[in-house]
Structure formats: C-alpha cells, structure tokens
Amino acid sequence: MHRKNNLRGNNLNFAVEAQNLTKIFGSFTAVNDISFKVKKGEVYGFLGANGAGKTTTIRILCGLLEPTKGDAIVAGYSVKKDPEEIKKKLGYMSQKFALYTNLTAAENIEFYGGIYGMKDDDIKVRSKEVMHQLGLDETADRLVSGIAGGIRQRIALACAIAHRPEIVFLDEPTAGVDPILRRKFWEIIDNISKQGTTVFVTTHYMDEVENCGRISLMDGGKIIAEGNIRELKNHAFKLPVYEMETEDVSKAYKLLAGDAEIGEVSMHGAMLHVISGILMETLQDKISGLLNKAGIIHGRLSISQPTMEDVFVKLVRK
C-alpha cells in the first residue's frame, strides 16, 4: 500500500513530504527507507510498538536529527537544507515535554511563546486563547508542581500551539494518561485540526489511531502499511474474522491452531479469533467437532469486526 514519492517542496496540498528517509546509528538502522505524505490540516498517525522508529522519524521531521539518507519537505523546507526554518513553522510536544514546575500554567505558555519569537502583547492574548481552547482557564494561575499529569499534558500542548504553528508534532502525547483524559485530549486534537493545523501524532495505543484520518504502521524502522482505517482493515483481512468464547481458550487455541483447514487462529483475551475462507456453518461444525471431542465447552461463532490491534498483529506477522 505504501508508495514512493517525488519531493517537490512547492506542493500546496501537503504539509509533509518524506522520501526514502533513513537514519542509521552505528550498525543500527532506526528508520529504514520510508516515504509518505501528510495532507495539510489532517490528523496523521504513526502507529507502532516502542522501538519501531516513530520518535526518530518525528525528530528528523522537526529538524532535530539529520537523516542519513533521503529527505523530507516540512512546511515547505528541506530537513537537510533548512532545519532551522522548519523549527519556526512547527510545534513539538515530546513524550517528556519540559514544563517549569515553579511557574504557573499561564507563565509556562507565555515563556514558550517568547521562545518562538512572539511579541509580548500577542503572547498575553494568545495565552488566554489557548488556555480557554484547551479547557485550562481554572488552572491558569496554579503552579505546575501542583497540577495532575493529565492536565499537565494539556498545558504542554498549549505551549506547543501558542505560536500558531502550521504543523504540530505530538510524540506519544497521551502516554501515562488515564482513559478519560486521553479521550478528552483527542477531542482537543480534533478541534485543532478543524482549525487548519496539521497534526502529526505518534502512539502505541492501538485504539487511539481510530481518531486519525490516515495512519502509517511502523515496525522495525519500516512503514509496513499506510491508509485510512477502512483501507488498512481491508488490506489486512481479505477473509472474514470470526470469534468464539471457550471454557479454556489456551487449550482450544492449541488444538485448533494446528489445523490448516480451519485457517488462522489467535487468542484475544478470553476469545478465539478465526480467519477462514470456509462458510460459517461449515466452520462451526468442524470446530465444534474438535472441541467437543476434547471436552472443551464453547459457544457459537460470530462475525467480529477487526480492531486496529488485530490489523497491527496481522501485518507484523507477515
């Protein structure tokens, strides 16, 4: 699904155009010949396990690391030729964004606005705007040292977007945040995108990428697939996915996984997932026959909608 791209640098439709990006550290290839494009104003996700190459890629795109090979055009500038110009056009929130705990939330936002060259009057106005936008009005005058982690993440995002960047890069922005605050954070990201800002976000939370317009799946420094949610699911699963509850999922898996006629079998919590080209009723009869013979109590097959975790596991196994 992944395509090679021709870099032009003057394409008004794309915020990011990467071609053959490679980063090698000694004998280790962290990013391996990847190419992709990010449309202006979209939420583009990089999904992968820890160590897949996501953070290294984002640091290259932010002008913080020079690629060993290849190039990328970010906000109209080359990461190899004009990294300093790129830094002026973007906002960057890393996994461990540095907030000053002895400053208030508002003071942190104003400080970072100053770093990006904003004028004092504009900083004051913009600080209030982003705090209201991100639901931080009540924390404006509180010291960061006394603010909970999930709210700190929002303050960090406010710092990253205060100077009105064309593109904001968010590297694992919800790591360590509870599910409710994660959901709120993604609502904020969606609103930022709707206002015209391009959002490039990395995550290892499989459910979070459902919020992205398009996604790249990374594994071992390579992009193994790219597309929207529907495209990725159709690419990964050409055949129906069924699920079944059993009394002993581990025993049932070991029994069924060795039968090539059944198809591909995997465990998902207490459920068995089966990918098969056999008609559902025929498959049910075959599985039931084997499980009944082994004395394993089980339910009936039902059609399952694959999750992005299913997609990732399926494609990584190839």
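Which residues of the largest nonpolar core touch the most other members? In this predicted model, they turn out to be Leu-157, Ile-215, Leu-217 and Met-308, out of a core of 49 residues. Helix α5, which covers residues 149-161, is the biggest giver here, putting seven residues into this core. The core also takes at least three residues from each of domain 1 (14-234) and domain 2 (238-317). As a bit of background, nonpolar side chains in soluble globular proteins tend to be buried together.

Ile-215 is worth a stop. Leaving out residues up to four places away in sequence, Ile-215 touches Gly-45, Leu-47, Val-209, Ala-225, Glu-226, Gly-227, Ile-229, Leu-232 and Met-308. Met-308 is thus a contact of Ile-215, and both are on the list of residues that touch the most other core members. Apart from this core lies another one, made of 27 residues and including Val-16, Leu-21, Val-38 and Cys-62.

Now for the chain as a whole. There are 318 residues, and 49% of them are buried. The secondary structure comes to 10 helices and 14 strands. Taken along the principal axes, the C-alpha atoms fill a box of roughly 75 × 45 × 35 Å. Among contacts with a separation of 6 or more, 68% link residues that are 24 or more positions apart.

The chain splits into two parts, domain 1 (14-234) and domain 2 (238-317). Measuring tape aside, the computed distance between the two domain centres, taken over C-alpha atoms, is 38 Å. Where the domains meet, 16 residues come from domain 1 and nine residues from domain 2.

Next, the helices. Helix α3 (residues 105-115) packs against helix α4 (residues 120-133) at an angle of about 125 degrees, and their axes are 9 Å apart. An angle between 115 and 145 degrees counts as oblique, so α3 and α4 are oblique to each other. The crossing of α3 past α4 is right-handed. On the α3 side, the residues that meet the partner are Ala-106, Ile-109, Glu-110, Gly-113 and Gly-114, while α4 brings Ile-123, Lys-124, Ser-127, Val-130 and Met-131.

Helix α3 has a second partner in α5, with an angle of about 30 degrees and axes 8 Å apart. Angles under 35 degrees count as roughly parallel, so that is the label for α3 and α5. Here too, α3 makes a right-handed crossing, this time past α5. Ala-105, Asn-108, Ile-109 and Tyr-112 of α3 make the contact with Ile-155, Ala-158 and Cys-159 of α5. Ile-109 of α3 therefore shows up in the packing against α5 and also in the set that meets α4.

Some individual residues deserve a closer look, starting with backbone angles. Ala-75 is not a glycine, but its phi is positive, near 55 degrees. Ala-75 sits in the loop between β4 (69-74) and β5 (77-78). Is Ala-75 buried or exposed? With a relative accessible area of 16%, Ala-75 is buried, because the cut-off for buried is under 20%. Glu-172 also has a positive phi, about 50 degrees, without being a glycine. The loop between β7 (167-171) and α6 (179-194) is where Glu-172 lies. At a relative accessible area of 3%, Glu-172 is buried.

Two charged-sounding names round things off. Lys-314 belongs to helix α10 (residues 308-317), and its relative accessibility of 17% makes it buried. Not counting residues up to four places away in sequence, Lys-314 touches Ala-236, Phe-237, Glu-264 and Ile-275. Glu-261, found in the loop between α8 (249-257) and β12 (264-268), is exposed, with a relative accessible area of 54%. Setting aside neighbours within four places in sequence, Glu-261 is in contact with Ser-276, Ile-278 and Lys-286. How many residues apart in sequence are Glu-261 and Lys-286? They are 25 residues apart in sequence, and in space their C-alpha atoms are 9.4 Å apart.

Notes: Residues are numbered from 1 along each chain as its sequence is written. This is a predicted model: local features need pLDDT of at least 70, side-chain atom pairs count only at pLDDT 80 or more; totals for chains, interfaces and linings use all residues. Side-chain values use heavy atoms; hydrogens and water are left out. A nonpolar core is a set of buried Ala, Val, Leu, Ile, Met, Phe, Trp, Tyr and Cys residues joined through side-chain atoms within 4.5 Å. Buried means under 20% relative accessible area, exposed over 50%, partly exposed in between (1.4 Å probe, protein chains only). Helices (H or I, at least four residues) and strands (E, at least two) are DSSP runs, numbered from the N terminus. Domain bounds come from an automatic or database domain assignment. Contact means heavy atoms within 4.5 Å. Axes are lines fitted to C-alpha atoms, for helices over the stretch in contact, and angles run from 0 to 180 degrees between N-to-C directions. Angles under 35 degrees count as roughly parallel, over 145 as roughly antiparallel, 65 to 115 as roughly perpendicular and the rest as oblique. A crossing is left-handed if the near helix is turned anticlockwise from the far one by less than a right angle, and right-handed if clockwise.
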